[in-house]
Amino acid sequence: MQDWKARVWLWGLWVALIGAYAAGLVHSGERILGGGADFTSFYGAARIVYSGDGESLYRLETQQKAQSEWRHQPLPYLHPPFEVLLYLPLAPLPFAHAYVAFVLVNAALVGAVARFRLPNDPADGSVTLLQAVACLAFYPVFLAIAHGQDSLLLLLLFSLALVALKRGQEFRCGACLGLALFKFQFVLPLLVAFAWKKRVRVLTGVLVTAVLLVLLSMLLVGWRGVVEYPHFLLGTSRNPGLGIYDPAGMPNLRGLLTAILPGGSQSGALAMTALSLSLGLLVVAARQWPAMEPVPSAGLELAFALNVILALLVSYHLNGHDVSLMLLPVALIVRHLRAGRPGSRVRRAALCGLILALYYPPFLVPSAVVPPAPIFWVMLLLAGTLFVELRSEVRA
């Protein structure tokens with residue numbers, strides 16, 4: 001009876017949130033189709049490569065020319081060259097048609113994530129529908145869809161990596177993570193745990209995939225475009241006037257340190273402090289990684305969830321839509337709680353409360369008083385609580 005009431009309450013909450021997001025998307029339609037969404041940079045990059053001018057992709061004047069029909073000031077394309085392949089089929093279409101098509105692609109990715117099952121999970125349709133609604137009700141997912149971003153593909157690849165890991169397919173796990181290198185700022189922190197535990201096959205999978213992606217990049221933009229990419233990335237990150245997100249507003253460790261340390265985001269002290277704290281947190285989490293042989297431990301899912309949260313917290317660059325990756329830790333924590341294993345009721349109640357807090361949209365808005373956005377503190381508390389729960393699970 002109580003479970004039925006909880007489901008009704010959640011359905012009402014999630015449907016109301018989805019309705020509000022849909023209304024906001026319709027209201028912003030004119031601004032989006034006028035080049036106000038991140039999709040502009042992806043589409044512009046695809047048009048550059050499609051026109052045969054790929055070697056000059058990472059030149060600001062080339063991107064400005066490609067986007068001039070929709071924006072007066074370019075929104076720089078900062079992703080690796082190989083990701084253009086994802087948007088390339090949309091390049092021949094008019095901007096509005098291409099945007100709607102990619103919204104449908106992202107909707108399909110939400111469906112794929114909702115149907116994502118860990119081994120031995122039930123696959124009844126009602127659970128699938130509930131998961132789909134839960135995904136759509138998560139505000140970062142709405143942001144990813146509205147902006148034509150790639151965060152939902154990242155979420156799917158991380159999910160597939162975990163499935164492969166649980167099945168003992170470590171090279172395939174690494175290959176999935178390698179394909180996710182279009183957002184390398186989240187993949188590299190996750191690899192610390194695999195390096196610490198000497199999971200050579202995972203690391204080999206990442207390396208082999210990375211090499212293939214570099215070769216693909218050379219086919220798309222030539223060796224000159226590949227060489228120019230890191231210089232373009234560093235140059236734009238040092239110029240906040242190019243429309244790049246202000247680091248102080250990012251819900252991560254870099255955002256917090258930018259706000260409290262002198263010198264702003266370009267401070268050398270900030271870089272060293274962020275690197276030291278990040279490595280410290282990642283190593284502490286890696287030390288809790290359970291044994292995987294002869295079979296994966298029951299704590300593996302919690303360890304993976306903890307490392308995904310930390311990957312977000314210590315990432316160099318984190319936007320609101322990237323927080324959609326939190327759906328994977330949320331799903332794993334909920335699965336753990338539903339398993340009904342003995343544990344601290346206070347700790348489990350805290351996990352439930354923090355998961356619900358993630359669904360509060362205003363928490364993504366940067367604080368005008370004490371940056372970063374409040375969702376940073378929610379994720380940090382969730383990581384801390386999950387760390388304690390994982391230690392308890394491993395010791396049990």
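Which helix holds Ile333? The residue is found in helix H16, residues 327-338. This is a predicted model.

## Ile333 in helix H16

Ile333 has 1% relative accessibility, so this residue counts as buried. The cut-off for buried is under 20%.

Beyond its neighbours within four places in sequence, Ile333 is in contact with four residues named here: Leu351, Ile355, Leu382 and Leu386. Cys352 gives a distance to go with these contacts. Ile333 and Cys352 are 19 residues apart along the chain. Their C-alpha atoms are separated by 8.8 Å.

## Helix H3

Helix H3 covers residues 39-50, twelve residues in total. Its length can be checked against expectation. At 1.5 Å a residue, the helix should span 16 Å. Its end C-alpha atoms are 16 Å apart, so the two values agree. Gly52 follows H3, and its phi is positive, near 90°.

H3 is mostly covered, with ten of its twelve residues buried. The buried stretch includes Phe39, Thr40, Ser41, Phe42, Tyr43, Gly44, Ala45 and Ala46. Ile48 and Val49 are buried as well. What do the buried residues of H3 pack against? Their partners are helix H2 (29-36), helix H4 (60-67), helix H5 (84-87), helix H6 (95-114) and helix H12 (200-237).

## The largest nonpolar core

The largest nonpolar core has 113 residues. Phe158, Leu177 and Phe194 touch the most other members. By helix, H15 (residues 300-314) gives the most to this core, with twelve residues.

Phe194 shows what such a residue meets. Leaving aside neighbours within four places in sequence, its contacts include Leu177, another of the three residues that touch the most members. Leu165, Cys173, Val202 and Leu203 are also in contact with Phe194. So are Arg199, Trp289 and Phe304.

## A nonpolar surface patch

H12, one of the helices that the buried residues of H3 pack against, also contributes to the surface. Which residues form the nonpolar patch there? They are Phe171, Leu207, Val208, Val211, Leu212, Val214, Leu215, Met218, Trp223 and Val227. Together they have about 930 Å² of accessible area. H12 gives the most to the patch, with nine residues.

Met218 is one of the patch residues and lies in helix H12. Is Met218 buried or partly exposed? At 38% relative accessibility, Met218 counts as partly exposed, because that class lies between the 20% and 50% cut-offs.

Technical notes
Residues numbered from 1 in each chain as written. Predicted model: local features only at pLDDT ≥ 70, side-chain atom pairs only at ≥ 80, totals over all residues. Heavy atoms only, no water. Helix = DSSP H or I, 4+ residues; strand = E, 2+ residues; numbered from the N terminus. Expected span 1.5 Å × (residues − 1). Buried < 20%, exposed > 50% of the residue type's maximum accessible area, 1.4 Å probe, protein only. Contact = heavy atoms within 4.5 Å. Patch = residues over 30% accessible without salt bridge, like charges linked within 9 Å, V, L, I, M, F, W, Y side chains within 5 Å. Areas by Shrake-Rupley, 256 points an atom, 1.4 Å probe, with all protein chains shown as cover. Salt bridge = Lys/Arg side-chain N within 4 Å of Asp/Glu carboxyl O. Core = buried A, V, L, I, M, F, W, Y, C linked by side-chain atoms within 4.5 Å.
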